[in-house]
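Here is a quick walk through one protein model, written for someone who would rather be at the bench. Have a look at the fold first, then read on.

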Amino acid sequence: MSDSYRLYNLKVDGIGNIWFSDYDHIIYKYDTKSNQCIVFTLPESNGKLLMATNDVGNLYALVFNYSDGYFLYVLNEKVALVSALEQLPFESKYPSAFVIDNENNCWVTVGAEVAYGQLPPDTRATI
């Protein structure tokens with residue numbers, strides 16, 4: 001399989017599907033039972049891509065770019081947009097970690113640059 005695909009963001013979901021992406025944010029789902037590969041193309045292809053799986057066979061894809069913000073997609077049989085967020089209210093770095101917990105809550109770690117002190121309460125962001 002590695003001869004045919006460049007493997008990035010390799011993830012295995014709770015039911016044994018293998019998920020991976022390529023340079024263009026095309027995501028592949030390899031079903032080990034059927035030996036078939038399903039191809040998903042994300043509408044947002046520029047920016048950083050982070051992926052997380054859950055235990056029922058879904059993949060969540062978080063795409064971030066500086067001009068448009070954050071886009072969260074869920075993939076199983078098709079690509080569905082979960083949410084789109086504008087830029088955070090502070091100068092942010094790329095997200096560095098992305099996980100889904102057992103209740104399908106999304107957790108994202110985003111580094112931020114703060115000149116001095118703490119952020120005012122109204123500028124704290126959650127996803």
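What follows goes from the overall make-up to the sheet, the cores and one odd loop residue.

Keep in mind that this is a predicted model. The chain has 10 strands and 0 helices, so to speak an all-β run from the N terminus on. Of its 127 residues, 35% count as buried. The accessible surface comes to about 7,800 Å², and carbon and sulfur atoms hold 49% of that. If you look at contacts with a separation of 6 or more, 32% of them link residues 24 or more positions apart.

Now for the sheet. Four strands form an open sheet in the order β1-β2-β3-β4, and the pairing is antiparallel. As a reminder, strands of a sheet pair through backbone hydrogen bonds, either parallel or antiparallel. β1 and β4 sit at the edges with a single partner strand each, so one side of each has no neighbour in the sheet. On average, neighbouring strands here are turned by 20° against each other, direction ignored. Between β1 and β2 there are 3 bridges in the antiparallel sense; Tyr8, for instance, has Ser21 in β2 as its bridge partner.

Here are the strands of this sheet with their residue ranges:

| Strand | Residues |
|---|---|
| β1 | residues 8-12 |
| β2 | residues 18-21 |
| β3 | residues 26-31 |
| β4 | residues 36-41 |

On to the inside. The largest nonpolar core has 12 residues, among them Trp19, Ile27, Phe40, Met51, Val63 and Tyr73. Which elements give two or more residues to this core? They are β5 (48-53), β6 (59-65) and β7 (69-75). There is also a second, separate core of 11 residues, which includes Ala52, Tyr60, Phe64 and Leu72.

Val63 is a handy place to zoom in, as a member of the largest core. Leaving aside neighbours within four places in sequence, Val63 is in contact with Leu42, Leu49, Phe71 and Tyr73, among others. The list of partners also includes His25, Glu44, Asn46 and Lys48.

Last, the odd one out in a loop. Most residues other than glycine have a negative phi. Asn35 is not a glycine, yet has a positive phi of about 60°. You will find Asn35 in the loop between β3 and β4. Is Asn35 buried or exposed? Its relative accessible area is 51%, and exposed means over 50%, so Asn35 counts as exposed.

How values were computed. Residues numbered from 1 in each chain as written. Predicted model: local features only at pLDDT ≥ 70, side-chain atom pairs only at ≥ 80, totals over all residues. Heavy atoms only, no water. Core = buried A, V, L, I, M, F, W, Y, C linked by side-chain atoms within 4.5 Å. Buried < 20%, exposed > 50% of the residue type's maximum accessible area, 1.4 Å probe, protein only. Contact = heavy atoms within 4.5 Å. Pairing = 2+ DSSP bridges. Axes fitted to C-alpha atoms, helices over the stretch in contact; angles between N-to-C directions. Areas by Shrake-Rupley, 256 points an atom, 1.4 Å probe, with all protein chains shown as cover.
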